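Subject: Structure handover

Hello,

Here is the structure I promised to pass on to you. Please have it open in your viewer while you read, and my notes follow below it.

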Amino acid sequence: MELHYPVPARGMRNFFLGDNAVVDDEACITGELYRHMARVLRLKAGAAVSLTDGAGRSFDGVITEVGAKSLTVKVSAPEAAAESSGYPAITLYQGLPKGEKFDLILQKCTELGVAEVVAFQAARSVVKLKEDRSAGRLERCERIVQEAARQSGRKTIPKVSFAGALGPTLRGNSHSVKLLLWEGERVNGLRQALAGMPAPESIAVIVGPEGGLTDEEVRQAQQEGFIPVSLGSRILRTETAGLAIVSILQFHWGDIG
(Lines give C-alpha, C1' and ligand atoms only; values in the text may rest on other atoms or scores of the structure.)
Protein backbone atom coordinates (compact mmCIF):
# COMPACT_ATOMS: atom_id res chain seq x y z
CA MET A 1 0.00 0.00 0.00
CA GLU A 2 1.17 3.53 -0.73
CA LEU A 3 2.09 5.66 2.26
CA HIS A 4 1.32 9.36 2.53
CA TYR A 5 3.26 11.87 4.60
CA PRO A 6 2.84 15.49 5.65
CA VAL A 7 3.70 18.16 3.09
CA PRO A 8 6.82 20.22 4.03
CA ALA A 9 6.35 23.58 5.71
CA ARG A 10 5.27 26.39 3.40
CA GLY A 11 8.23 27.88 1.57
CA MET A 12 10.50 24.88 2.18
CA ARG A 13 11.54 23.10 -1.02
CA ASN A 14 11.29 19.33 -1.07
CA PHE A 15 13.80 17.11 -2.90
CA PHE A 16 14.02 13.36 -3.44
CA LEU A 17 17.42 11.98 -2.47
CA GLY A 18 17.63 9.30 -5.15
CA ASP A 19 21.06 7.67 -4.90
CA ASN A 20 22.15 10.15 -2.24
CA ALA A 21 21.94 9.02 1.38
CA VAL A 22 21.62 10.45 4.87
CA VAL A 23 24.50 9.33 7.08
CA ASP A 24 24.17 10.20 10.75
CA ASP A 25 22.78 13.75 10.56
CA GLU A 26 24.17 14.83 7.19
CA ALA A 27 23.32 14.31 3.54
CA CYS A 28 25.99 14.75 0.87
CA ILE A 29 24.23 15.69 -2.37
CA THR A 30 25.96 14.96 -5.68
CA GLY A 31 25.10 14.30 -9.32
CA GLU A 32 21.90 15.51 -10.96
CA LEU A 33 20.29 16.57 -7.67
CA TYR A 34 23.32 18.68 -6.82
CA ARG A 35 23.21 20.37 -10.24
CA HIS A 36 19.51 21.09 -9.83
CA MET A 37 19.85 22.52 -6.32
CA ALA A 38 23.10 24.43 -6.75
CA ARG A 39 23.22 25.36 -10.44
CA VAL A 40 19.56 25.66 -11.43
CA LEU A 41 17.93 26.84 -8.20
CA ARG A 42 21.14 28.49 -6.92
CA LEU A 43 20.49 27.49 -3.33
CA LYS A 44 23.07 28.79 -0.88
CA ALA A 45 24.31 27.83 2.57
CA GLY A 46 21.60 28.58 5.10
CA ALA A 47 18.69 27.59 2.83
CA ALA A 48 16.11 25.36 4.53
CA VAL A 49 15.12 22.24 2.54
CA SER A 50 13.21 19.01 3.00
CA LEU A 51 14.70 15.73 1.76
CA THR A 52 12.83 12.48 1.10
CA ASP A 53 14.50 9.10 0.75
CA GLY A 54 13.39 6.00 -1.13
CA ALA A 55 11.45 4.71 1.89
CA GLY A 56 9.35 7.86 2.00
CA ARG A 57 11.03 9.23 5.14
CA SER A 58 11.22 13.02 5.24
CA PHE A 59 14.13 15.00 6.71
CA ASP A 60 14.06 18.73 7.38
CA GLY A 61 17.46 20.31 7.01
CA VAL A 62 19.65 23.29 6.26
CA ILE A 63 22.34 23.55 3.60
CA THR A 64 25.65 24.05 5.39
CA GLU A 65 28.10 23.99 2.47
CA VAL A 66 27.96 24.28 -1.31
CA GLY A 67 31.05 23.02 -3.12
CA ALA A 68 32.10 22.68 -6.73
CA LYS A 69 30.62 19.20 -7.15
CA SER A 70 28.56 18.55 -4.03
CA LEU A 71 26.64 20.22 -1.24
CA THR A 72 26.00 19.23 2.36
CA VAL A 73 22.72 19.35 4.24
CA LYS A 74 22.52 19.12 8.02
CA VAL A 75 19.29 17.25 8.78
CA SER A 76 17.06 16.57 11.77
CA ALA A 77 15.66 13.18 12.68
CA PRO A 78 13.26 11.80 10.04
CA GLU A 79 9.55 12.31 10.50
CA ALA A 80 7.74 9.24 11.74
CA ALA A 81 6.05 7.39 8.90
CA ALA A 82 2.31 7.77 8.73
CA GLU A 83 0.06 4.75 8.76
CA SER A 84 -1.12 3.26 5.47
CA SER A 85 -3.65 5.49 3.74
CA GLY A 86 -6.06 2.62 3.24
CA TYR A 87 -6.49 3.48 -0.45
CA PRO A 88 -5.82 0.93 -3.21
CA ALA A 89 -2.41 0.98 -4.85
CA ILE A 90 -2.91 1.48 -8.59
CA THR A 91 -0.58 0.00 -11.21
CA LEU A 92 -0.87 1.17 -14.81
CA TYR A 93 0.33 -1.25 -17.49
CA GLN A 94 0.88 1.13 -20.41
CA GLY A 95 1.56 -0.04 -23.95
CA LEU A 96 4.75 1.83 -24.81
CA PRO A 97 3.78 5.03 -26.68
CA LYS A 98 5.89 7.69 -28.34
CA GLY A 99 8.31 9.55 -26.08
CA GLU A 100 6.47 12.78 -25.36
CA LYS A 101 3.22 10.94 -24.71
CA PHE A 102 4.88 8.69 -22.16
CA ASP A 103 6.41 11.71 -20.44
CA LEU A 104 2.92 13.19 -20.06
CA ILE A 105 1.50 9.90 -18.76
CA LEU A 106 4.25 9.62 -16.14
CA GLN A 107 3.83 13.21 -15.00
CA LYS A 108 0.04 13.10 -14.67
CA CYS A 109 -0.09 9.60 -13.18
CA THR A 110 2.30 10.79 -10.50
CA GLU A 111 0.04 13.75 -9.74
CA LEU A 112 -2.95 11.38 -9.56
CA GLY A 113 -1.25 9.13 -7.01
CA VAL A 114 -0.48 6.03 -9.08
CA ALA A 115 1.83 3.60 -7.27
CA GLU A 116 3.51 2.05 -10.34
CA VAL A 117 3.74 2.45 -14.12
CA VAL A 118 4.91 -0.49 -16.22
CA ALA A 119 5.57 0.28 -19.89
CA PHE A 120 5.27 -2.91 -21.92
CA GLN A 121 6.34 -3.55 -25.51
CA ALA A 122 2.95 -3.96 -27.16
CA ALA A 123 2.65 -5.59 -30.58
CA ARG A 124 1.48 -2.27 -32.04
CA SER A 125 3.88 0.01 -30.18
CA VAL A 126 5.44 2.39 -32.67
CA VAL A 127 8.46 2.86 -30.40
CA LYS A 128 10.76 -0.13 -29.97
CA LEU A 129 12.92 0.33 -26.90
CA LYS A 130 16.45 -0.93 -27.50
CA GLU A 131 18.08 -2.71 -24.59
CA ASP A 132 21.23 -0.58 -24.74
CA ARG A 133 19.13 2.58 -24.34
CA SER A 134 16.72 1.37 -21.66
CA ALA A 135 18.92 2.47 -18.73
CA GLY A 136 19.10 6.05 -20.00
CA ARG A 137 15.38 6.08 -20.73
CA LEU A 138 14.58 4.81 -17.24
CA GLU A 139 16.79 7.47 -15.67
CA ARG A 140 14.90 10.15 -17.58
CA CYS A 141 11.56 8.68 -16.45
CA GLU A 142 12.67 8.67 -12.83
CA ARG A 143 13.56 12.36 -13.08
CA ILE A 144 10.10 13.10 -14.49
CA VAL A 145 8.23 11.32 -11.69
CA GLN A 146 10.48 12.82 -9.01
CA GLU A 147 9.82 16.33 -10.28
CA ALA A 148 6.09 15.67 -10.62
CA ALA A 149 5.98 14.25 -7.09
CA ARG A 150 7.82 17.29 -5.74
CA GLN A 151 5.50 19.73 -7.47
CA SER A 152 2.35 17.90 -6.39
CA GLY A 153 3.41 17.45 -2.77
CA ARG A 154 3.72 13.66 -2.89
CA LYS A 155 6.13 12.02 -0.46
CA THR A 156 6.36 8.78 -2.42
CA ILE A 157 7.59 8.25 -5.95
CA PRO A 158 5.78 5.84 -8.26
CA LYS A 159 7.88 2.94 -9.47
CA VAL A 160 8.61 3.01 -13.21
CA SER A 161 9.79 0.01 -15.23
CA PHE A 162 10.04 -1.21 -18.81
CA ALA A 163 8.89 -4.70 -19.76
CA GLY A 164 8.67 -6.92 -22.79
CA ALA A 165 5.54 -8.43 -24.33
CA LEU A 166 2.27 -8.19 -22.41
CA GLY A 167 1.69 -11.90 -21.76
CA PRO A 168 4.95 -12.60 -19.87
CA THR A 169 4.71 -9.21 -18.13
CA LEU A 170 1.35 -10.08 -16.56
CA ARG A 171 2.20 -13.65 -15.63
CA GLY A 172 1.86 -14.35 -11.93
CA ASN A 173 0.55 -10.90 -10.98
CA SER A 174 -1.46 -10.75 -7.76
CA HIS A 175 -3.51 -7.57 -8.04
CA SER A 176 -6.91 -7.62 -6.32
CA VAL A 177 -8.79 -5.96 -9.20
CA LYS A 178 -7.63 -6.34 -12.82
CA LEU A 179 -9.07 -4.15 -15.56
CA LEU A 180 -8.32 -4.11 -19.29
CA LEU A 181 -9.34 -0.88 -21.00
CA TRP A 182 -10.31 -2.01 -24.50
CA GLU A 183 -12.20 -0.19 -27.22
CA GLY A 184 -13.45 -3.54 -28.53
CA GLU A 185 -15.53 -4.19 -25.40
CA ARG A 186 -19.19 -3.59 -26.27
CA VAL A 187 -21.01 -4.92 -23.19
CA ASN A 188 -19.08 -4.33 -19.97
CA GLY A 189 -18.70 -0.65 -19.09
CA LEU A 190 -16.48 0.51 -16.24
CA ARG A 191 -19.47 1.60 -14.14
CA GLN A 192 -21.01 -1.84 -14.49
CA ALA A 193 -17.74 -3.60 -13.65
CA LEU A 194 -17.21 -1.61 -10.45
CA ALA A 195 -20.81 -1.83 -9.20
CA GLY A 196 -21.01 -3.65 -5.87
CA MET A 197 -17.29 -4.49 -5.87
CA PRO A 198 -15.66 -3.99 -2.44
CA ALA A 199 -12.67 -1.68 -2.17
CA PRO A 200 -9.58 -3.69 -3.13
CA GLU A 201 -6.03 -3.53 -1.81
CA SER A 202 -4.54 -3.10 -5.26
CA ILE A 203 -5.75 -2.36 -8.80
CA ALA A 204 -4.09 -3.04 -12.14
CA VAL A 205 -5.19 -1.34 -15.36
CA ILE A 206 -3.98 -2.17 -18.90
CA VAL A 207 -4.00 0.52 -21.60
CA GLY A 208 -2.82 -0.15 -25.14
CA PRO A 209 -0.46 2.00 -27.24
CA GLU A 210 -1.45 4.30 -30.12
CA GLY A 211 -2.60 1.41 -32.30
CA GLY A 212 -4.48 -0.38 -29.53
CA LEU A 213 -4.15 -3.95 -28.33
CA THR A 214 -4.27 -7.00 -30.58
CA ASP A 215 -6.86 -9.74 -30.07
CA GLU A 216 -4.04 -12.01 -28.87
CA GLU A 217 -2.95 -9.50 -26.22
CA VAL A 218 -6.56 -9.18 -25.03
CA ARG A 219 -6.78 -12.98 -24.81
CA GLN A 220 -3.53 -13.17 -22.82
CA ALA A 221 -4.75 -10.52 -20.39
CA GLN A 222 -8.05 -12.34 -19.88
CA GLN A 223 -6.14 -15.55 -19.14
CA GLU A 224 -4.45 -13.66 -16.30
CA GLY A 225 -7.79 -12.57 -14.87
CA PHE A 226 -8.17 -9.12 -16.43
CA ILE A 227 -11.72 -7.93 -17.13
CA PRO A 228 -12.23 -6.00 -20.41
CA VAL A 229 -14.08 -2.72 -19.83
CA SER A 230 -14.89 0.37 -21.86
CA LEU A 231 -15.39 4.01 -20.93
CA GLY A 232 -18.41 4.34 -23.20
CA SER A 233 -18.79 5.48 -26.78
CA ARG A 234 -15.66 7.62 -26.94
CA ILE A 235 -12.34 6.25 -28.13
CA LEU A 236 -9.62 8.01 -26.15
CA ARG A 237 -6.00 8.54 -27.12
CA THR A 238 -3.51 6.37 -25.27
CA GLU A 239 -2.18 9.35 -23.30
CA THR A 240 -5.75 10.22 -22.23
CA ALA A 241 -7.21 6.79 -21.57
CA GLY A 242 -5.01 5.81 -18.63
CA LEU A 243 -5.40 9.19 -16.95
CA ALA A 244 -9.17 9.02 -17.35
CA ILE A 245 -9.57 5.58 -15.79
CA VAL A 246 -7.10 6.33 -12.99
CA SER A 247 -9.03 9.49 -12.13
CA ILE A 248 -12.29 7.52 -12.02
CA LEU A 249 -10.75 4.82 -9.82
CA GLN A 250 -9.28 7.42 -7.46
CA PHE A 251 -12.68 9.06 -7.17
CA HIS A 252 -14.45 5.71 -6.69
CA TRP A 253 -12.03 4.11 -4.20
CA GLY A 254 -9.11 6.45 -3.72
CA ASP A 255 -8.14 9.87 -2.42
CA ILE A 256 -9.94 12.16 -4.88
CA GLY A 257 -13.15 13.73 -3.62
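L181 stands opposite V229, a residue of strand 12. The two strands involved there, strand 10 (residues 177–181) and strand 12, pair in the parallel sense, with three bridges between them. One thing to keep in mind from here on: this is a predicted model.

That pairing belongs to an open sheet of six strands, ordered 9-8-7-11-10-12, in which the pairing is parallel. Which strands sit at its edges? They are strand 9 (159–163) and strand 12 (227–229), and each of them pairs on one side only. On average, neighbouring strands of this sheet are turned by 20° against each other, with direction ignored.

Helix 7 lies across three strands, namely strand 7 (89–95), strand 10 and strand 11 (202–207). Relative to strand 11, helix 7 runs at about 160°.

Helix 7 also has a helix partner. The axis of helix 7 (residues 238–252) and that of helix 2 (residues 99–111) come within 9 Å, crossing at roughly 15°. Angles under 35 degrees count as roughly parallel, so helix 2 is roughly parallel to helix 7. The crossing of this pair is right-handed. On the helix 2 side the contact is made by K101, L104, I105, K108 and C109, and on the helix 7 side by T238, E239 and L243. By character, the residues of this contact divide into four nonpolar, three charged and one polar.

Now to the other open sheet I wanted to show you. It has six strands in the order 1-4-5-6-3-2, and the pairing is mixed. Strand 1 (13–16) and strand 2 (22–23) each have a single partner strand, so one side of each is left without a neighbour in the sheet. For strand 2, two bridges join it to strand 3 (residues 26–29), and this pair runs antiparallel. There, V23 has E26 of strand 3 as its bridge partner.

Helix 1 (residues 31–40) lies across strand 1, strand 3, strand 4 (48–52), strand 5 (58–66) and strand 6 (71–75). The angle at which helix 1 runs to strand 1 is about 160°.

Finally, the charged pairs. How many salt bridges does a search of the whole structure find? The search finds nine. One to look at is the salt bridge in which the side chains of K74 and D25 meet, at 2.6 Å from N to O. This pair links distant parts of the chain, with K74 in strand 6 and D25 in the loop between strand 2 and strand 3, 49 residues apart.

Happy to talk any of this through whenever it suits you.

Best wishes

Key. Residues are numbered from 1 along each chain as its sequence is written. This is a predicted model: local features need pLDDT of at least 70, side-chain atom pairs count only at pLDDT 80 or more; totals for chains, interfaces and linings use all residues. Side-chain values use heavy atoms; hydrogens and water are left out. Axes are lines fitted to C-alpha atoms, for helices over the stretch in contact, and angles run from 0 to 180 degrees between N-to-C directions. Helices (H or I, at least four residues) and strands (E, at least two) are DSSP runs, numbered from the N terminus. Angles under 35 degrees count as roughly parallel, over 145 as roughly antiparallel, 65 to 115 as roughly perpendicular and the rest as oblique. A crossing is left-handed if the near helix is turned anticlockwise from the far one by less than a right angle, and right-handed if clockwise. Contact means heavy atoms within 4.5 Å. Ala, Val, Leu, Ile, Met, Phe, Trp, Tyr, Cys and Pro count as nonpolar, Asp, Glu, Lys and Arg as charged, and the others, Gly among them, as polar. Two strands pair if DSSP finds at least two bridges between them. A salt bridge is a side-chain nitrogen of Lys or Arg within 4 Å of a carboxyl oxygen of Asp or Glu.
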